[in-house]
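The following exercises concern the helices and strands of one protein chain. Please work through each task before reading its solution.

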Amino acid sequence: MDEVAKAYRGCRERITGLAQQLDERQARAAVPACPEWTVHDVIAHLSGNVADAVARRLGGAGTDERTAEQVVARRQLSLSEVLQEWNEHALVVEPRMDGAGDMARQGVADAVSHEHDIRGALSVPGARDCDAVRIGLAFAAARLVESAAGRGVSLLVQTGDGWELGPHDAEVVLTGEPFALLRAVTGRRSVEQLRALEWKGDCEIAIPAFWWGPLHPAERPIHE
């Protein structure tokens with residue numbers, strides 16, 4: 001099992017460990033980073049992803065409609081039942097992830113984002129420097145840079161320890177720590193919070209790029 005599969009498995013094991021300690025009230029706690037979803041719903045979506053992969057139901061993957069179907073289909077299951085489904089199907093999916101290219105990296109980005117959504121809802125921060133954060137950031141930052149380019153803006157995203165993605169002569173540069181960048185790029189920060197990040201150049205021309213795929217900035221500030 002190589003780095004992508006190990007990163008995903010790490011997210012799954014950490015989320016499972018947190019979820020197994022929850023009572024019913026905590027499982028039904030609202031998740032600020034995922035409006036209208038509870039902790040149970042977030043885990044139902046994660047389980048739905050791997051269940052769909054095993055069943056080869058790949059049409060509409062990642063769309064709002066598909067994720068809503070995943071959640072609704074598991075609303076009547078207990079949290080322990082959802083966790084059992086996720087962990088069983090993951091044993092089939094994970095060994096194949098490192099040969100699946102960007103689709104698997106997208107899975108890591110989704111899993112690590114939702115891990116921290118759950119942590120935020122439960123006020124149990126942790127694992128902010130895990131390998132999944134960097135893999136997720138690499139996937140999401142590439143989509144952000146592409147989104148900016150599609151709007152005629154050259155954008156470079158970089159961390160303080162030398163990692164970077166985007167053109168070296170970019171007109172706008174965004175710098176930050178991997179965890180903070182991941183949360184910003186994946187819709188877990190408001191426009192006001194995005195403006196407060198470390199920018200070189202005019203951030204206003206780059207901020208529209210944060211609307212990419214199904215993602216967009218949070219409507220309200222999210223503090224973690």
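Two strands are said to pair if DSSP finds at least two bridges between them. The model examined here is predicted.

**Exercise 1.** Determine which strands pair with β1, and in which sense.

*Solution.*
Step 1. Locate β1, which comprises residues 155-159.
Step 2. Consider β3 (residues 172-176): β1 and β3 are joined by five bridges in the parallel sense. Within this pairing, Leu155 has Val172 as its bridge partner, and Leu156 stands opposite Val173.
Step 3. Consider β2 (residues 164-165): here two bridges link the strands, and the sense is antiparallel. Val157 of the β1–β2 pair stands opposite Leu165.
Step 4. Examine the connection between β1 and β2. The two strands form a hairpin with four residues between them, and Gly162 in the turn has a positive phi of about 105°.

**Exercise 2.** Establish the order of the strands in the sheet and identify the edge strands.

*Solution.*
Step 1. Four strands make up an open sheet, and their order is β2-β1-β3-β4. The pairing is mixed.
Step 2. β2 and β4 (198-200) are the edge strands, since each pairs on one side only.
Step 3. Helix α7 packs on this sheet and touches β1 and β2; the direction of α7 makes about 160° with that of β1.
Step 4. As for the covering of β1, four of its five residues are buried.

**Exercise 3.** Describe the span of helix α1 and state which elements cover its buried residues.

*Solution.*
Step 1. Helix α1 covers residues 3-19, a total of 17 residues. From first to last C-alpha it reaches 24 Å, close to the 24 Å expected at 1.5 Å a residue.
Step 2. A residue counts as buried when its relative accessible area is under 20%. Among the buried residues of α1 are Val4, Tyr8, Cys11, Arg12 and Leu18.
Step 3. The elements covering the buried residues of α1 include α3 (39-55), α5 (79-93), α6 (102-122) and α7 (131-150).

**Exercise 4.** How are α1 and α5 oriented: roughly parallel or roughly antiparallel?

*Solution.*
Step 1. The helices pack at an angle of about 160°, and their axes lie 11 Å apart.
Step 2. Angles over 145 degrees count as roughly antiparallel; therefore α1 is roughly antiparallel to α5.
Step 3. The crossing of α1 past α5 is left-handed.
Step 4. On the α1 side, the contact is made by Tyr8, Arg12, Ile15, Thr16 and Ala19. On the α5 side, the residues are Leu79, Leu83, Trp86, Asn87, Ala90 and Leu91.

Note on methods:
Residues are numbered from 1 along each chain as its sequence is written. This is a predicted model: local features need pLDDT of at least 70, side-chain atom pairs count only at pLDDT 80 or more; totals for chains, interfaces and linings use all residues. Side-chain values use heavy atoms; hydrogens and water are left out. The expected span of a helix is 1.5 Å times one less than its number of residues. Buried means under 20% relative accessible area, exposed over 50%, partly exposed in between (1.4 Å probe, protein chains only). Contact means heavy atoms within 4.5 Å. Axes are lines fitted to C-alpha atoms, for helices over the stretch in contact, and angles run from 0 to 180 degrees between N-to-C directions. Angles under 35 degrees count as roughly parallel, over 145 as roughly antiparallel, 65 to 115 as roughly perpendicular and the rest as oblique. A crossing is left-handed if the near helix is turned anticlockwise from the far one by less than a right angle, and right-handed if clockwise.
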